[in-house]
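Here are some notes for your reading of this entry, set out as numbered points. Please keep the structure open beside them.

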Amino acid sequence: MTSAQVPFLSPRRLLARVRDVMASAGLAQDRLNNIVTIIATDMVAEVCSIYVRRAGDVLELFATQGLHPEAVHNTRLRVGEGLVGEIAAHARPLALSDAQKHAQFVFRPETGEESYQSLMGVPILRAGRVIGVLSVQNRSRRQYTEEETETLQTVAMVLAEMVAGGELINAVELTPADGIAIKPLRLEGVRFNSGLGLGTVVLHQPHFHIERMVGEDPEVERERLAHAFSEMHGALDSLLNAGALQNGGEHTDVLQAYRLIAEDAGWLGRIEEAIESGLTAEAGVQKVQNDIRARLGSVNDPYLRERLHDFDDLANRLIQFLIKGSGVVGHGDDAPLPEHVILVARNMGPAQLLDYDQARLRALVLEEGSATSHVVIIAKALDIPVVGNVRDIMDKIADGETAIVDGANGQVFVRPGEDVQQAFLDSIKALAEQKAEYAALKDVPARTRDRIDISLNINAGLLVDFARLHEIGADGVGLYRTEVPFMVRADFPDVAIQRALYAKVIAQAGGKPVVFRTLDIGGDKVLPYWGESHEENPAMGWRAIRMSLDRPALLRQQLRALLQACAGVELNVMFPMVADVLEFDRARTLLDLERRYLRARDIPLPRRVNVGVMFEVPSLFLQMEELLARVDFVSIGSNDLFQFLYACDRGNPALSARYDVLSAPFLSFLRTICRRCDAAGVSVSLCGEMAGRPLEALALIGIGFRRLSIPPPAVGPVKEMVRAMHVGEVTGYLDALLRTPHHSIRNRLKAFARDHGVAI
Ligand code: PEP
Ligand code: MG
């Protein structure tokens with residue numbers, strides 16, 4: 001039979017029949033056998049088979065109509081092997097009119113497959129995992145339509161509930177537990193927020209058992225959906241007004257953006273379509289979520305990956321409301337929480353994190369994520385250590401196990417021994433004591449033993465950072481990364497929104513100076529609402545000032561907002577990634593235009609405007625004189641300056657130990673820049689990560705820097721170091737050392753510090 005002769009079948013009728021079989025009495029195997037027969041008949045296919053994934057990544061044929069019956073429970077394929085294995089490996093449907101021509105086709109004589117030319121298969125998915133494959137085959141060539149693939153996917157979703165119900169195989173086999181070793185493990189990831197946490201693992205896997213997959217009446221289901229939607233919105237609103245986050249800040253923007261996603265008309269429309277095809281509202285939500293996962297699951301774009309998790313979060317939330325509304329209680333979120341929770345998730349949405357009792361959260365570990373993802377911003381606001389990008393952690397750890405999270409070093413210790421636990425408890429205690437010690441240093445000056453004052457400022461991007469500014473007694477904000485608030489929003493903020501934000505920044509700084517850096521977008525910093533850009537070399541690409549000068553309206557808006565927000569006070573503004581003085585001039589001209597624009601309208605202006613430059617592209621060094629004649633201050637971005645000077649990607653872990661910022665050439669270079677600024681009477685500071693590490697800070701002060709801008713948690717340790725050091729001694733030592741050709745002076749400097757009583 002050819003496709004032209006295949007009558008169109010309503011998925012609703014097929015679903016109703018599958019549901020009747022599933023609800024009938026008898027052995028699970030018999031019901032499965034009935035289901036393959038029904039599907040084969042309804043879809044006019046000679047073969048219908050169900051493969052179930054078993055421990056060890058094996059797909060076992062569990063039921064078939066059309067293939068040899070002896071093959072059932074005997075034919076096994078590895079994930080990735082053959083067409084069925086291919087579907088499982090990529091979690092994507094395949095529809096092939098000539099299956100045997102496909103590169104992945106393997107011939108399994110025991111099944112008699114050689115006589116079937118066409119194949120359509122879909123993954124059976126549950127909670128994002130492939131738990132099986134459902135396929136149909138036709139003897140003659142058949143072109144399967146998209147609707148048919150959709151229908152098969154819908155049936156597969158209903159089957160997923162049956163497989164997950166544990167009637168066919170032991171439910172243990174469905175959990176990703178097979179790879180778990182019982183030995184202690186140390187897993188590495190990336191620091192998203194520092195701090196230490198010890199506690200009991202809670203795997204964030206909201207599993208809901210959807211009892212009713214097939215709907216009776218689409219009208220009723222649509223009404224249930226609408227009701228659940230409005231309940232969900234109400235709950236999101238209360239999260240927005242929740243206690244711990246009440247003081248405003250980016251987390252409010254995050255949740256607002258998130259609310260907008262929930263209102264996405266396309267999403268709702270697709271759920272309604274799924275209901276129309278015969279599913280219940282909750283099954284419809286799950287189906288659309290499976291589709292989104294299948295589409296976005298393999299993309300690498302960080303923005304899209306984050307959106308996927310926002311949708312996951314919302315879908316689970318909606319299902320929860322639908323299940324509760326129908327009186328059926330979902331399981332998975334009802335177990336009592338341990339006292340100290342180490343929350344482990346593939347990734348999660350911001351609201352999901354807020355669902356956990358915040359008093360019990362000790363740390364968050366993510367398999368994916370990025371430092372600027374929504375959930376991480378919320379975790380920072382709650383002061384929870386976070387480690388991200390921990391590969392396959394969900395498969396290596398189980399609920400209820402003990403884990404230690406070391407945020408600062410980006411590592412997770414799973415099932416640590418008693419002695420390790422004790423050591424960490426000691427560290428946690430020491431950390432708390434140290435925090436108290438640093439807090440006691442809050443009001444003492446960062447003054448060296450030879451009475452030289454060092455100005456310690458913080459790098460900030462989130463409003464939560466400002467609370468630290470006062471807690472730790474920093475002198476001001478040496479680098480306010482304006483792109484960060486842009487990155488957490490759902491759309492580009494207009495002048496009024498920016499003005500209000502910057503005014504809040506000024507107010508929260510409470511009279512301490514703030515240096516605003518204009519937008520540094522591009523590279524790894526993506527704006528959600530700006531589409532994708534594919535560059536070979538994004539760090540050296542169309543970013544920062546280059547983008548701002550090509551889109552002058554954006555820069556002008558930002559400068560206008562800054563000028564207005566700083567009315568009556570001092571505005572310090574600097575431009576990132578400037579490579580030659582002409583770029584600086586052009587940016588400055590835009591600033592002057594904005595000033596004139598506001599003045600002409602009698603809009604109050606800042607008392608004074610200081611215009612500076614980020615020194616992070618080495619070419620600027622060759623125009624030092626011209627530059628210093630133009631700027632009010634220089635801030636060295638050593639993160640970028642080092643990567644460009646050494647041609648060494650700052651984000652590539654394979655290179656991270658290759659060159660050292662504590663090397664004679666780099667320190668000499670920094671010393672020269674610093675001296676030239678001093679000679680010209682231009683204020684200079686350094687705001688890269690290196691300044692936040694006490695040993696590096698020691699070197700920087702030794703070569704002449706008197707102003708540093710560092711991450712807030714580094715202020716205490718650096719201040720302590722400053723108070724123990726003697727600039728004269730370090731300078732003399734470095735002068736000699738920087739004439740040597742050592743690859744790194746780190747160990748020598750460490751020994752020097754130790755010998756001179758400077759704790760590093
Ligand atoms: C730098 O490059 O050192 C810097 C502070 O800027 P960012 O890290 O934001 O690129
Ligand atoms: Mg930079």
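1. Is Glu616 buried or exposed? In this predicted model, Glu616 has a relative accessible area of 2%, and it therefore counts as buried, the cut-off being under 20%.

2. Glu616 is one half of a metal site, since the magnesium ion (ligand 2) is coordinated by Glu616 through OE and by Asp640 through OD, at 2.0 to 2.3 Å. These two residues are 24 residues apart and link distant parts of the chain, Glu616 belonging to the loop between strand 19 (608-615) and helix 20 (624-630), and Asp640 to helix 21 (residues 638-645). Asp640, like its partner in the site, is buried, because its relative accessibility is 3%, again under 20%.

3. Helix 20, which follows the loop that carries Glu616, contains Met624, a residue that is buried, with a relative accessible area of 1%. Leaving aside residues up to four places away in sequence, Met624 touches Phe615, Ile673, Arg676 and Cys677. A further pairing to check is that of Met624 with Val581, which lies 43 residues apart from it along the chain, with a separation of 9.0 Å between the C-alpha atoms.

4. Helix 21, the helix that holds Asp640, also includes Ser638, which counts as buried at 2% relative accessibility. When residues up to four places away in sequence are not counted, Ser638 touches Phe666, Leu686, Gly688, Glu689 and Met690.

Terms used. Residues are numbered from 1 along each chain as its sequence is written. Chains are lettered from A and ligands numbered from 1 in the order in which they are written. This is a predicted model: local features need pLDDT of at least 70, side-chain atom pairs count only at pLDDT 80 or more; totals for chains, interfaces and linings use all residues. Side-chain values use heavy atoms; hydrogens and water are left out. Donors are N, O and S atoms within 2.8 Å of the metal (3.2 Å for Na, K and Ca); water is not among the atoms, so sites may look incomplete. Helices (H or I, at least four residues) and strands (E, at least two) are DSSP runs, numbered from the N terminus. Buried means under 20% relative accessible area, exposed over 50%, partly exposed in between (1.4 Å probe, protein chains only). Contact means heavy atoms within 4.5 Å.
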